Amino acid sequence: MSKTAILNGLKRLTKVPIRPVRFYSVESNGKRIGTSTNDNGVRLSLVSGSLIVGIGLGLISSSYFVSKGDKQVFPLQSTTPLTALDPPRYGSDEDLKLCIKEIIQTIGSDNVKNTEAELDHHTDNGFNPTKPQPHQKPRWIVYATSTEDVSAVMKIINKYNIPVVPFSGGTSLEGHTYSTRPGIVLNTSKMNKILAVHHKDLDAVLQAGVGWQQLNEYLASVPEYKNMMLGCDCGPGAHVCGMVNTNASGIGATRYGSMGANIISITVVLADGTVVKTKKRPRKSSAGYNLTGLFVGSEGTLGIVTEVTVKLQVRPPYETVAVVQFPTLKDSTNTVAELFQKGIQLNAVELLDSSMMKCINYSNLVSKKYDNVPTLFFKISGLNKTVVQEYVKQVKQISQDNHCSKFEFAKNEQEAEELFSTRKNALYLMLDYAFNEIDENAKMWITDCAVPLSNLAATLEELDKITATYPLTHMTLGHVGDGNIHYDIFYEPDQFEICKQLVAEINAVTLKNEGTCSGEHGIGTGKRKFLEDELGSDTVDLMRKVKLAIDPKRLLNPDKVLKIDPLDPSNE
Ligand SMILES: Cc1cc2nc3c(=O)[nH]c(=O)nc-3n(C[C@H](O)[C@H](O)[C@H](O)COP(=O)(O)OP(=O)(O)OC[C@H]3O[C@@H](n4cnc5c(N)ncnc54)[C@H](O)[C@@H]3O)c2cc1C
Ligand SMILES: *[C@@H]1O[C@H](CO)[C@@H](O)[C@H](O)[C@H]1NC(C)=O
Ligand SMILES: *[C@@H]1O[C@H](CO)[C@@H](O)[C@H](O)[C@H]1NC(C)=O
Ligand SMILES: *[C@@H]1O[C@H](CO)[C@@H](O)[C@H](O)[C@H]1NC(C)=O
Ligand SMILES: *[C@@H]1O[C@H](CO)[C@@H](O)[C@H](O)[C@H]1NC(C)=O
Ligand SMILES: *[C@@H]1O[C@H](CO)[C@@H](O)[C@H](O)[C@H]1NC(C)=O
């Protein structure tokens, strides 16, 4: 199977829109019915008709956000339930025009585009189970090249109340970058300079649009930096700012932690253009609130990240890759749990179930042939061969105690690289397999639950039992070192609702096992209901309070992570 086949397959995947989410459009054609609140807290209905809406918006833009008694800005409660909010007010078409004109005056027309192709590229990456509605498309793409640009642009956007979606690598998986309120997409990819590498401190200062692979390739190319890397990896093509905003992790996280643990400080532009830097450069700090952590996983809803100081990790001097096969999933997860309990440090622990192994064999990308049974890929690392061999002995012993059927090493670096790059690209292999072997219109629903490690075996068993009652096939792979599983389900377009129901059941099982609906991908538009199920409405209401405190006009990536509009009808 060729790369082109995968790409063609992907293109096919993106073609068929399925059940779109519906949101009220922002300003539309005067048909929208909105509500507003006067100073006495009395709700007035603004009926359709551009005149009334126009007057309403006029009044609002001058006084709405600052007026005394305005329950959106200075309410007395510690949390903000959705019911305490009025619908957001965004600028009109005319405001958007004026806004764009000013942005062009400020950063030049080369960085402000609305060609059909560019709008399309920023609409949907094709991985999200729920497709954007036809109108959920950006109107303008703005390319920023510096923190100052972003600040200037945000000041203008704030003046005209235009919704803005921050966008970097575009590899997120839950509708994170959908233009649910068609306005501006701010693509920060041009900000891709590596500003400084402090190799003695093991950190690097990066512009927001630096890719994790770009950084690692650069480090590998400089003799002084050759043994350093970013500990965190995720989808090929992702940028550090996107990774901060989803708290991404991936294969290295079991050893180095997720993105949150791999950053020291960030520079962020807030909704009104204010620029803040969250910390200086020491590793340690008790200086005030942890604002760095506040922005981690905020999915572009709190600010635009323009610079990131990341920690660098030292590549292990010696590393070996083992492939261990088991008769059952339970044996494999028990092995992992036992390894952790014994304090054996592993640099990667990836689980692939029998269907996933079949899919890898099918792809022909791995030269060695393996059995189609549950399999663990391990990276075992250390100071030198002697040290690593000590670890290997123990890993082998524990695997054997748990009935492993095969324990093999990658022959050389190339074979090890092959195994992990196949794992990294598993998503594409699965899609390719599905198009060819299941249905040419097949789709895949990617789930991302994580449970405490000791609950993993029970969770997987229960999931398999439930899935067996559905007419759907799935493959499981996961960063099991962190108890994180991608239970990925194939469906045909007319099975969307069935699959959605299964996904809901999967999340319920995860919660019952003290888990989360998202180990690493985030909430986006797709999992807002699961987030509420998981943490409770008070916790989500507190998040909403934070959102409104920092972004009172709700301009930044509206509708992601949590609802910001009481009229938002989506029950996803
Ligand atoms: C094949 C494949 C494999 C993957 N594997 C993994 C994996 O192993 N682990 C993992 O964690 N994820 C994985 N992902 C998901 C994805 O790579 C991560 O979620 C990644 O962090 C997204 O980064 P991005 O640069 O593509 O961000 P985008 O998709 O562009 O954006 C992500 C979020 O960040 C916001 N954002 C973007 N730029 C900025 C900015 N400058 N300031 C503020 N907010 C911003 C966006 O609004 C959005 O909410 C995978 C995806 C694919 C396609
Ligand atoms: C975002 O901008 C970069 C830099 O101009 C560009 O290479 C990339 O293709 C853009 N993203 C999308 C989805 O078009
Ligand atoms: C990021 O992810 C890690 C690991 O999943 C988690 O412990 C942490 O709480 C997350 N958030 C932040 C802000 O670091
Ligand atoms: C704050 O949050 C960041 C990001 O999650 C984390 O790396 C850091 O350890 C936290 N604490 C301090 C004091 O910075
Ligand atoms: C692996 O794939 C080859 C053909 O691609 C097939 O002949 C073989 O039976 C497969 N092996 C397993 C174990 O599935
Ligand atoms: C490997 O490292 C250990 C621990 O530092 C040391 O005792 C041993 O001599 C080293 N062995 C080799 C072959 O370098």
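Around ligand 1 stand 37 residues (each with a heavy atom within 4 Å of it). Pro166, Ser168, Gly170, Thr171 and Ser172 come nearest. This is a predicted model: local features need pLDDT of at least 70, side-chain atom pairs count only at pLDDT 80 or more, and totals for chains, interfaces and linings use all residues. Residues are numbered from 1 along each chain as its sequence is written, chains are lettered from A and ligands numbered from 1 in written order, and side-chain values use heavy atoms, without hydrogens and water.

Backbone atoms make polar contacts (pairs of N or O atoms within 3.5 Å) with ligand 1. The table gives three.

| Backbone N or O of | Distance to an oxygen atom of ligand 1 |
|---|---|
| Ser168 | 2.8 Å |
| Gly242 | 3.5 Å |
| Glu299 | 3.0 Å |

Alone, ligand 1 exposes 980 Å² (Shrake-Rupley method, 1.4 Å probe). The protein buries 98% of that. Four elements give two or more residues to the shell: β5 (164-167), α7 (240-246), β12 (304-311) and α14 (426-437). These are DSSP runs, with helices (H or I) of at least four residues and strands (E) of at least two. The largest share, 5 residues, comes from α7. By class, the shell has 14 nonpolar, 20 polar and 3 charged residues; Gly counts as polar and Pro as nonpolar.

Now the core. The largest nonpolar core (buried nonpolar residues joined through side-chain atoms within 4.5 Å) has 72 residues. Buried means under 20% relative accessible area with a 1.4 Å probe, protein chains only. Ile103, Ile157, Ile184 and Phe378 have the most contacts inside this core. Phe378 touches (heavy atoms within 4.5 Å) residues including Val321, Leu339, Leu346, Val395 and Phe420, leaving aside those up to four places away in sequence.

Note on methods
Buried < 20%, exposed > 50% of the residue type's maximum accessible area, 1.4 Å probe, protein only. Polar contact = N/O pair within 3.5 Å; in protein donor to acceptor, adjacent residues only side chain to side chain.
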